[in-house]
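Open the model in a viewer and keep the selection panel at hand. The stops below say what to select next and what is there.

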Amino acid sequence: MDLVRRIFSRDARELASSDDNDDLAPMRSEVRSLALTAKGFLSEEEGDRLFILAQRCSRVAPCVEIGSYCGKSTLYLAEGCRYGRYNLFSVDHHRGSLEQQPGEAYYDPELFDQKTQRHNSLPEYLKNVERAGLLDCVMPVLGDSVSVAKNFAGLQVSMVFIDGGHSLANVEGDFVHWSRLVIPGGYICLHDVYLNPEDGGQAPRQVWERAQSTGSWRSSGILGSLGVLVRCR
Ligand code: SAH
Ligand code: MG
């Protein structure tokens, strides 16, 4: 049955309508352990949601993540893509967001490359993806997310996880340029959606609300800070 589904399940609408996880494989425990110990900013329950969505979505079209960092979210998403026909495009320039630069709140000296005198998360990212045995399921894309999206013009993707730059300009740019590539029934997952402003920056929340006000996207709930939107038209 699984093989039949993998080959013939082309109707994107099925992506959104199914709440039934019975036909899904569990995450391999060694990959879960690696994801839990990888540096990064994602809870286990958020990761599990991404794993399940990627497992369903990768049956119909490629999945995309914006903001690979050290590969924490990548491991959950790529592990899901192992079961599908399509891979994960994992986009990051690996130069870090504003808040990850020296002197800022999320600066990590272990990710600072002394040779080039700047942040570089690529070696740690590749180490984690390789250890998890997931290099075959991931296409790492080194570049600015909006520039990459422009090069994807005309292509179709089944889900996009947006966790790159967290300024309003960044989140909105990612949403505008990537959302148009998502097939009906496909997903946009916005990370760091905080309904209470005391919990964190409000840019992802603003984009979350604007997306729904267009009528093209409906909420499939917020888990932790992972807001899940389904394309309804
Ligand atoms: N998803 C990760 C965390 C991402 S942190 C996890 O699970 O832990 C944000 C990442 O977005 C950083 O690695 C940064 O380099 C990247 N980033 C920020 N702005 C970007 C842009 N415009 N294009 C590509 N990557 C960007
Ligand atoms: Mg985040």
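A residue counts as buried here if 20 or more other C-beta atoms lie within 10 Å of its own, with C-beta atoms placed from the backbone. The model is predicted.

**Stop 1: strand β9**

Select residues 226–231, which form strand β9. Which residues cover its two faces? Leu 226, Val 228 and Val 230 lie on one side and Gly 227, Leu 229 and Arg 231 on the other, and all are buried. In a regular strand the side chains alternate between the two faces of the sheet. Because six of the six residues of β9 are buried, the strand is largely enclosed by the rest of the structure.

Now add the strands that pair with β9. Strand β8, residues 217–223, runs antiparallel to β9 and is joined to it by five bridges. Within this pairing, Arg 218 has Val 230 as its bridge partner. Two residues separate β8 from β9 in a hairpin, and Gly 224 in the turn has a positive phi of about 60°. β7 is also antiparallel to β9, with four bridges between them. Here Cys 189 stands opposite Val 228.

**Stop 2: the nonpolar core**

Stay with Cys 189, which is among the residues with the most contacts inside the largest nonpolar core. That core has 55 residues, and the others with the most contacts inside it are Ala 54, Met 159, Val 160, Ile 162 and Ile 188. What does Ile 188 touch? Leaving out residues up to four places away in sequence, Ile 188 touches Val 160, Ile 162, Phe 175, Ser 179, Val 182, Trp 217 and Leu 229.

**Stop 3: helix α8**

Phe 175 and Ser 179, both in contact with Ile 188, are also buried residues of α8. Select residues 168–179 to see this helix. At 1.5 Å a residue, its 12 residues should span 16 Å, and the end C-alpha atoms are 16 Å apart, so the two values agree. The other buried residues of α8 are Asn 170, Val 171, Gly 173, Asp 174 and Trp 178. Which elements cover the buried residues of α8? They include β1 (63–66), α7 (145–151), β6 (157–162), β7 (182–190) and α9 (203–213).

**Stop 4: helix α4**

Go to Ala 54, one of the core residues with the most contacts, and widen the selection to α4, residues 44–57. The helix has 14 residues and reaches 20 Å from its first C-alpha to its last, close to the 20 Å expected at 1.5 Å a residue. Besides Ala 54, the buried residues in α4 include Glu 46, Gly 47, Leu 50, Phe 51 and Leu 53. Gln 55, Arg 56 and Cys 57 are buried as well.

**Stop 5: the shell around ligand 1**

Select ligand 1 and the 21 residues around it. Which of them come nearest? Gly 40, Gly 67, Tyr 69, Ser 73 and Gly 165 do. The helix α5 (72–81) and the strand β2 (88–92) each supply at least two residues of the shell. Sorted by class, the shell has 12 polar, five charged and four nonpolar residues.

**Stop 6: four loop positions**

Gly 71 is in the loop between β1 and α5. It is buried, with 32 other C-beta atoms within 10 Å. Gly 71 touches Ala 38, Tyr 125, Asn 128 and Val 129, not counting residues up to four places away in sequence. For a sense of distance back to the opening stop, Gly 71 and Leu 226 are 155 residues apart in sequence and 17 Å apart in space, C-alpha to C-alpha.

Most residues other than glycine have a negative phi. His 94, in the loop between β2 and β3 (112–113), has a positive phi near 60°. His 94 is buried, with 21 other C-beta atoms within 10 Å. Asp 192, in the loop between β7 and α9, also has a positive phi, of about 65°. Asp 192 counts as buried, with 21 C-beta neighbours inside 10 Å.

End at Gly 154, in the loop between α7 and β6. Is Gly 154 buried or exposed? With 6 C-beta neighbours inside 10 Å, Gly 154 counts as exposed. Gly 154 and Thr 214 are 60 residues apart in sequence and 21 Å apart in space, C-alpha to C-alpha.

Conventions: Residues numbered from 1 in each chain as written. Chains lettered and ligands numbered in written order. Predicted model: local features only at pLDDT ≥ 70, side-chain atom pairs only at ≥ 80, totals over all residues. Expected span 1.5 Å × (residues − 1). Buried ≥ 20, exposed ≤ 12 C-beta atoms within 10 Å, placed from the backbone. Contact = placed C-beta atoms within 7 Å. Near = placed C-beta within 6 Å. Nonpolar A, V, L, I, M, F, W, Y, C, P; charged D, E, K, R; others polar. Pairing = 2+ DSSP bridges. Core = buried A, V, L, I, M, F, W, Y, C linked by C-beta atoms within 7 Å.
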